[in-house]
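User: I'd like to go through the charged pairs in this one. Can you walk me through the reasoning behind each label?

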Amino acid sequence: MPAGSPGPAAQSARRPPPLLPLLLLCVLGAPRAGSGAHTAVISPQDPTLLIGSSLQATCSVHGDPPGATAEGLYWTLNGRRLAPELSRVLNASTLALALANLNGSRQQSGDNLVCHARDGSILAGSCLYVGLPPEKPFNISCWSKNMKDLTCRWTPGAHGETFLHTNYSLKYKLRWYGQDNTCEEYHTVGPHSCHIPKDLALFTPYEIWVEATNRLGSARSDVLTLDILDVVTTDPPPDVHVSRVGGLEDQLSVRWVSPPALKDFLFQAKYQIRYRVEDSVDWKVVDDVSNQTSCRLAGLKPGTVYFVQVRCNPFGIYGSKKAGIWSEWSHPTAASTPRSERPGLGGGACEPRGGEPSSGPVRRELKQFLGWLKKHAYCSNLSFRLYDQWRAWMQKSHKTRNQDEGILPSGRRGTARGPAR
Amino acid sequence: MSRREGSLDPQADSSVSLLPHLEAKIRQTHSLAHLLTKYAEQLLQEYVQHQGDPFGLPGFSPPRLPVAGLSAPAPSQAGLPLPERLRLDAAALAALPPMLDAVRRRQAELNPHAPRLLRHLEDAARQARALGAAVETVLAALGAAARGPRPEPPAAATAAGVFPAKVLGLRVCGLYRDWVSRTEGDLSQLVPGGPA
């Protein structure tokens with residue numbers, strides 16, 4: 001909302017009205033002969049102003065019969081009535097308005113400044129465009145998918161907030177010859193991006209820049225010079241397979257295929273693998289998987305599900321000296337390591353050492369519990385037999401029960417994984 | 001039912017039934033008008049949201065200045081014979097598409113980041129054209145089509161300033177809603193079993 005005190009006359013940038021075809025006009029403000037209605041004209045019409053600047057406007061009433069008066073007129077801005085002290089009657093038919101320290105426009109279609117008659121009816125309107133000129137776009141980055149196209153994105157200057165519609169145009173040309181070209185497919189990977197789908201040359205540098213334009217001015221980014229071959233990326237490796245390495249409980253083998261689009265050119269491709277435990281969000285990354293399509297992961301936990309992904313960097317394609325751009329990660333592939341056979345390692349089988357049969361109460365509930373335990377615990381060999389042996393042992397060793405209640409005869413605690421987090 | 005032009009009497013002898021395909025066409029056209037009435041109301045709401053206050057505020061009432069080539073449905077037209085009302089509906093629906101296109105072009109300048117609004121304005125022009133053609137088909141099938149070639153709708157009105165353009169667009173969207181709603185009402189009188 002504008003501040004309250006009148007300010008000096010504003011230097012407002014005005015755009016001339018567009019040329020009109022030979023049509024009937026519906027212009028708010030054109031008086032209708034013989035209707036007895038009053039209308040008005042606001043000046044200036046649709047001004048463009050800098051944030052913080054001032055505006056002086058007038059509403060001139062005319063109508064039929066003549067002698068329309070400015071008495072009782074008032075202003076609203078975006079539907080809110082402006083304070084009377086901001087207005088003054090210039091003459092019998094003209095009401096003036098002075099706004100200072102204007103804020104940025106509330107909507108891109110312009111702030112609605114309206115002149116009202118005493119009864120509230122709308123006599124005329126004008127739209128204010130208050131904002132900032134664009135700042136220089138920066139941080140242009142580009143990549144080419146399989147050398148077939150080029151996608152670029154950039155950061156708008158001043159974080160894009162000019163309060164005015166600002167048009168961004170990505171331009172490009174071959175460095176030493178050729179004409180300026182304009183990218184046409186915008187917003188492909190975000191609001192400030194553009195995609196050039198075809199007709200790109202290899203082995204010769206391009207110059208790329210972004211031009212930003214709005215009602216208050218324009219700005220141009222620095223020029224980025226690049227060779228398509230230096231910014232190539234590709235598809236993730238397909239057909240990623242993860243499998244056990246025989247019975248080795250701490251290893252998994254990962255195999256994949258070179259991305260087909262660049263298969264014949266990836267002489268020096270680099271790959272990266274990342275993996276994580278099923279219930280974890282922390283990935284471990286294996287670097288330095290150069291130009292191979294298989295790898296063995298070691299030092300893993302036995303009996304654990306792992307998710308694995310692979311990505312590719314088409315490094316050195318066609319002799320490029322640059323690093324290349326990593327592809328997206330492949331879809332996750334899962335596999336589990338074998339469970340450990342050794343006792344005490346993450347809860348292996350719970351084997352009884354020897355036992356005595358017995359009978360016990362609540363066997364139905366116990367059966368349900370054992371079923372749940374088999375599903376969720378690492379003790380795969382629980383059974384009634386084990387329970388009966390435990391009961392026998394408990395009855396025999398009354399003194400031991402007081403000390404060790406809840407501990408299995410083997411001296412180990414039965415582990416339960418519990419519900420997955 | 002009489003086949004004389006202008007004799008679409010919804011009170012006609014009930015023993016005379018419409019041909020099944022014509023009946024189906026009438027029902028279909030009525031359903032289309034019903035659907036477009038809802039869309040037209042949504043378009044109007046969406047339009048005012050993008051123009052900023054006071055558009056959309058309760059009590060906002062800009063001057064209802066005439067739009068070249070199209071007036072609002074008049075209450076007095078309710079007394080006209082049904083075929084005449086349907087001919088007026090068809091004429092209005094034929095006049096609306098270029099106006100809606102003009103509104104869309106202007107909104108593309110004023111609200112370039114409102115793709116839904118722009119798409120809905122484009123859809124409205126297409127839907128008005130389709131409904132108008134469907135009404136004319138019904139009239140022709142009933143032997144009540146307008147005589148002679150229909151005059152070309154005038155080119156769309158435009159406005160010089162931005163605020164008048166916003167008001168004009170509001171007016172056009174309102175006229176679209178009003179005429180689609182009127183068409184639905186008129187067609188309901190033809191639907192077998194519908195209100196008299």
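Analyst: Sure. Let's start with B:Asp123 and B:Arg126, whose closest N and O atoms are 2.5 Å apart in this predicted model.

User: Why is the pair B:Asp123 and B:Arg126 called a salt bridge?

Analyst: The cut-off is a Lys or Arg side-chain nitrogen within 4 Å of an Asp or Glu carboxyl oxygen. The pair sits at 2.5 Å, so it counts as a salt bridge. Both residues belong to helix H3 of chain B, and because they are 3 residues apart, about one helical turn separates them.

User: What makes B:Arg126 partly exposed?

Analyst: Its relative accessible area is 47%. Partly exposed runs between the 20% and 50% limits, so the label fits.

User: How do you know that B:Asp101 and B:Arg129 form a salt bridge?

Analyst: Their closest N and O atoms are 3.9 Å apart, and the limit is 4 Å, so the pair qualifies. B:Asp101 is in helix H2 (residues 82-110) and B:Arg129 in helix H3 (residues 115-141) of chain B, so the contact ties together parts 28 residues apart in sequence.

User: And over in chain A, why is A:Lys171 called buried?

Analyst: A:Lys171 has 15% relative accessibility; buried means under 20%, so that's the call. Its salt-bridge partner A:Glu211, with closest N and O atoms 3.2 Å apart, comes out as partly exposed at 24%. The two link strand E17 (residues 206-214) and strand E13 (residues 167-174), 40 residues apart.

User: How many salt bridges are there over all chains?

Analyst: The search finds 14. There's also a salt-bridge network linking B:Glu41, B:Arg177 and B:Asp178.

Note on methods: Residues numbered from 1 in each chain as written. Chains lettered and ligands numbered in written order. Predicted model: local features only at pLDDT ≥ 70, side-chain atom pairs only at ≥ 80, totals over all residues. Heavy atoms only, no water. Helix = DSSP H or I, 4+ residues; strand = E, 2+ residues; numbered from the N terminus. Buried < 20%, exposed > 50% of the residue type's maximum accessible area, 1.4 Å probe, protein only.
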